[in-house]
Amino acid sequence: MDIFRSHVLVCGGTGCTSSESPKIIESFNEELTKAGLEKEVKVVKTGCFGLCEAGPIVIVYPEGSFYSRVKPSDVPEIVNEHLLKGRLVSRLLYKADAQGIETSIENIDFYKKQKRIALKNCGVIDPEKIEEYIALDGYKALGLCLTEYKPQQVIDIIKESGLRGRGGGGFPTGLKWQFCGDEANEQKYVVCNADEGDPGAFMDRSVLEGDPHAVLEAMAIAGYAIGANMGYLYVRAEYPIAVKRMEIAIAQAHELGLLGKGLFGSGFDFNVEIRLGAGAFVCGEEMALIASIEGRRGEPRSKPPFPAQKGLFGKPTIINNVETFANIPQIILNGPAWFASMGTEKSKGTKVFALGGKINNTGLVEIPMGTTLREIIFDIGGGIPEGKKFKAAQTGGPSGGCIPASHLDTHIDYDSLTAIGSMMGSGGLIVMDEDNCMVDVARYFLDFTVDESCGQCSPCRIGTKRMLEILERIVSGQGEEGDIEKLERLAVNIKGSSLCGLGKTAPNPVLSTLKYFRDEYEAHIRDKKCPAGHCKALLSYMIDKKMCVGCGVCAKVCPTNAISGKIKEPFEIDQSKCIKCGVCMSKCKFGAIEKK
Amino acid sequence: MKSLKELEEIRNKALCQIDLRKKGEGIRIVVGMATCGIAAGARPVLSALVEEVSRRKLSNVTVSQTGCIGACRLEPIVEVYSPSSEKVTYVKVSPQMAGRIVAEHIVNGNPVTEFTIGYHEQQQQGR
Amino acid sequence: MISLTIDGVKVTVPDNTTVLEAARAANIRIPTLCYLKGVNAIGACRICLVELIKGGRGLQASCVLPAEDGMEVSTKSKAVMEARRVNLELILSNHDKRCLTCVRNRSCELQQLCDELGVEDVPYDDDNTSHPIDNFSPSIVRDPNKCILCRRCVAVCNNIQKIGAVGAAKRGFNTVIEPVFGKSLNAVPCVNCGQCITACPVGALTEKSEIENVWTALNDPEKHVVVQTAPAVRFGLGEEFGIEPGSSVTGKMAAALRRIGFDKVFDVDFSADLTIMEEGTELIGRIKNGGKLPMITSCSPGWIKYCEHFFPDMLDNLSTCKSPHQMGGAVIKSYYAQKFNIDPKTIYVVSVMPCTAKKFEKERDEMAVNGLRDVDAVLTTRELARMIKQSNIDFKNLPDEDFDRVLGESSGAAVLFGATGGVMEAALRTVADLLTGKDLKDIDYECVRGVDGVKEATLNIGGMDINVAVANGTGSAKRLLEAVRNGKKQYHFIEVMGCPGGCVTGGGQPIVSARDKMDINPYVLRAKATYAEDAGKPKRKSHENEEVKMLYEQFLGEPNSHKAHELLHTRYQKRPKYQQ
């Protein structure tokens, strides 16, 4: 066995991969061989570290030096300075702010407040090596269940832990397993919902890419608990790296007898097959997902009957989200009390959030339930860039709502978010600042929903479209008195009468922005103004005649020749030709052009 | 996989591969690997330490390198940081001395006094 | 049993009842749009919503909600009414609202809902999906702009007929119900059975109208326009005039046709008896001479096209007989023309059928003799009703009249053609007499009556065991024929009707609304009238028909003669499923 004195961990998540991390790895291998260090230094491709804003990330152990924004051309320097001579390459070390030069991962603010449970192994192990997963207690939970617990005991452990579905529904996982376990003995199924369709969400992707075995182990544990010997992993096809890692993981697990027949010497068999999605957000809804696996058109059907009674192929089925599964092995190993000791009274454990939008530290964070929004955004997320003012945070993607500054101290958990008009959702958290127009945000999410609606039931198929038409009129300056009332009437009824969760939650972004930012809607409709200065149709670029020196630069750069005037005299913008691109304002050295 | 015991075996074998990545509360052995150190022969010392730690399957012990520690005439220098006691600096370390350091200090908790910088200075003054 | 309370009314129902059905049992009619009993229950339109007073699960679709003991349901709470109204407005906002020019004006289920709920305004931008009308099929016209996406047609074609010529394409607001790749119906294996038309609540699916062609012929002084009516028409036509379903209006029908202006009013029942003569002889011939068995009936053009697409290996099993009305047309333009000295080129034959597939059938190349088409126009029962109204006739109060000679007499066996199992029973009556040489008295073959998907029987006739089977609807036909193909079953004679229930519930018959279908079964009522009419006829066997006997004596010679083959028999072709 090679004895390595140093491990170089390179992030191989999708984000860093698209920033050339495979080339970084290649370069490391080349340079290490050149320096004769290939037997001492091990290069490891891991899953997502979470601090995506700083990627590609390279962490060198044992020092734990956290190099960020690494390029393949930086590699020779890291090898020759750090690995050969022991001198850290400080220009590449992650800097949280101007002063601090962080040298190791534990000291970074971004990680200090996190509690990584679902993400425990992400960024630590090589996801394509099953031995590394095993080294960190992998598959021990499965072994325990099969050799020491009866199925009902496993269900009881999950019930006691208080784990709730992490896909957005928040349904108590133990209870779901109980319902299915109670069904008579016949063919049953375990399905892992890895369709992750919310725009901006990539929690599940990182788990699948960085810790694939945790999901497999959990599915096997679930199968044992409810009496199923077959599992399906439904992954969206837009995640090719995740699919590849899962395929490798399944093969490796079979090799070692951790999937297949007679696991751990018991009579329990379990197999997992992968099924790919085909570009439909609605197939993340459990009934549509089932239809998709069955080869039918991805449309949900009414419940009852629920999947626990009649699911995939008409058989009792449990469907759980990737993140829900990722928690299972540790709950078994550490006991339900350990999990229940974290979080709030009704929302136990931690939650992974994907931070996006106007926030400094974009990336993946895992925090105990009950952490306040303020802590997430400012302490962990590093606050709003360019010193802008926080306006709202959107949770739950196209099904969720906006949380304004007045609720920044809300302790995040399932029920507290629903109480203020939003929802936990799968964990996407988009931060918005003063430059975001809340009406346009609602329009953006509704646009998504209209595109993704399956079209089966009339309120969602037609109603969301009509709501979108109203919003599009509003942001283009053609809003009318009565539009808000129309929106509310439609929203309430679409919410109340749609067939599935997509339709039932589609009006949420509109309802919550109306609740907290009604004044913005009214400004758009009555005053034909966008207070955030975002909606192009409601903006005018104007030249301040007092400030304009008549240099003519703006006229030269205007793509539509909308600006005219005589040199040394104030110029003027022809509003009918102006396309509001803003180039003139950016080029004016005299600050004579303003946006109103 | 036929039993938890079989799993445990794989785990133990793989553990040392991973161990390095946990910044734990264990013992850190740091070898000065600046130009002076390398010139004085610090590489073989590093290798010897790594091999010895591995051979003994010591967990929570990391061996890493650092830049110039400062006392260049005393290279190769090895510093040992333990959570429970004060830092110990060994000077003019040779690969053979590495073995005793690991055995007596790291494993048994008794620093090898005659290799330390304090002892060395005393010897020098005593002359 | 389950007890629940709906709108304060307590009702007890059997297990596995939906709230919609439970409400009906309590005399409460929850409005529906996409629900069609026995065909479609998917909770898609969100009109049949109810509110669960306890249990906080919000509004639910009652057509898929299982009734539970102790449930308290409101079908008209404020939330339900408001939601129902909004959903109806939304459906209307994407619908072609030009009712005045629509075929389903006054029989449209959407109109009825608007009338009952009271929609005042449709306050939306009306950015509508816009689709071309598909009228390339000779039988069925698709107008997706009127479609409300209830999926009833999809359910009938996929789940019952097991063909799947139409389905949902694209998604969300852009969803459209259409054949695969947006092809026209005539470029996919649609068999023209028209079950989709009778399932459609609105005017999105209708038959291709030939009314204008018939008026043109009627108004042409040079043309001798002859009409013949199918057996099933007389048991459905009355419904278009408010007469109770399950009534026979034979006499009024003949009277009305005369008043419309047809020169002669003949009965396809006559030709049905003729068909039995030809087909019975053919069957006996095959049995005695080792011909291809099982022999399968060929009077249902929907079934024939289905066979050509999906079971081309069994084309040789089909009887070579034309369907009755095609035989009738051929006989009219030869025997009748000759007998009455009329130039056959001036004869215009109109068939009134309970069927939309016959519109396709009459255009088949084989359905012509000496360059003359057997049949020139096919009208559905519904189209005839229209023409009667256009002729200002007070149908309900007409006196009964009879059909014209020499193609107007029919036996009870012919009447049976309209119900599933009818052709089989008619054939058996004749074949049994022929084989035994006797005039058998026990001629009610109950074993082949009824609407079970596939009926089988073994009959001992003249010392021989004859295995027969009857299938109604192409879905059942598929099951039966796959068993035959796999050698699992051996039959001598099979009757297949393309439509579930047979012609009485064919694609051209009066459309019964989903609401009415919750209470009555049109097949049961119309079939009952069929069997009653048969039982009341003096002659109940095809070979007793005097006019048919005369036709053979004076013209054809004997069944399966050379002349009979020229005029009355046809051939088939393998058809690809998809065309460019």
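This report describes the chain contacts, chain B, the nonpolar cores and the cavities of a predicted model.

## Contacts between chains

Two pairs of chains are in contact, and chains A and B share the most contacts. Chains B and C are not joined by any contact. The closest C-alpha atoms of chain B and chain C lie 46 Å apart.

## Chain B

Chain B has 127 residues, and 44% of them count as buried. Its secondary structure consists of five helices and four strands. Read along the sequence, these elements follow the pattern α-β-α-α-β-β-β-α-α. The pattern begins with a helix and ends with two helices, and three strands follow one another within it.

How are the contacts in chain B spread along the sequence? Taking contacts between residues at least 6 apart in sequence, 61% join residues at least 24 apart. On the outside, chain B has an accessible surface of about 6700 Å². Carbon and sulfur atoms account for 49% of that surface.

## Nonpolar cores

In soluble globular proteins, nonpolar side chains tend to be buried together. In this model, the largest nonpolar core has 86 residues. Which of its residues touch the most other members? They are Val510(A), Tyr521(A), Leu110(C) and Trp303(C), so residues of chain A and chain C both belong to this core. Helix 18 of chain A, residues 458–475, gives the most to this core, with seven residues. Another core lies apart from it and has 78 residues, including Ile117(A), Ala228(A), Leu258(A) and Leu259(A).

Leu110(C) can be looked at in more detail. When neighbours within four places in sequence are left aside, Leu110(C) is in contact with Leu33(C), Leu88(C), Ile91(C), Leu92(C) and His95(C). Its contacts also include Ile148(C), Pro201(C) and Val202(C).

## Cavities

How many cavities of 30 Å³ or more does the structure hold? There are eleven. The largest cavity has a volume of about 290 Å³.

The lining of the largest cavity is made up of 27 residues. Those nearest its centre are Cys299(C), Ser300(C), Lys358(C), Met497(C) and Cys503(C). Three helices of chain C each supply at least two residues of the lining: helix 9 (301–310), helix 10 (324–339) and helix 11 (357–361). By class, the lining has 17 nonpolar residues, nine polar residues and one charged residue. Lys358(C) is one of the lining residues, and Lys counts as charged.

Terms used
Residues numbered from 1 in each chain as written. Chains lettered and ligands numbered in written order. Predicted model: local features only at pLDDT ≥ 70, side-chain atom pairs only at ≥ 80, totals over all residues. Heavy atoms only, no water. Core = buried A, V, L, I, M, F, W, Y, C linked by side-chain atoms within 4.5 Å. Buried < 20%, exposed > 50% of the residue type's maximum accessible area, 1.4 Å probe, protein only. Contact = heavy atoms within 4.5 Å. Areas by Shrake-Rupley, 256 points an atom, 1.4 Å probe, with all protein chains shown as cover. 1 Å grid on protein atoms, 1.4 Å probe; cavity = no way out; pocket = protein on both sides within 12 Å on 5 of 7 lines; lining within 4 Å. Points joined across faces, edges and corners; volume = space filled by probe spheres on them.
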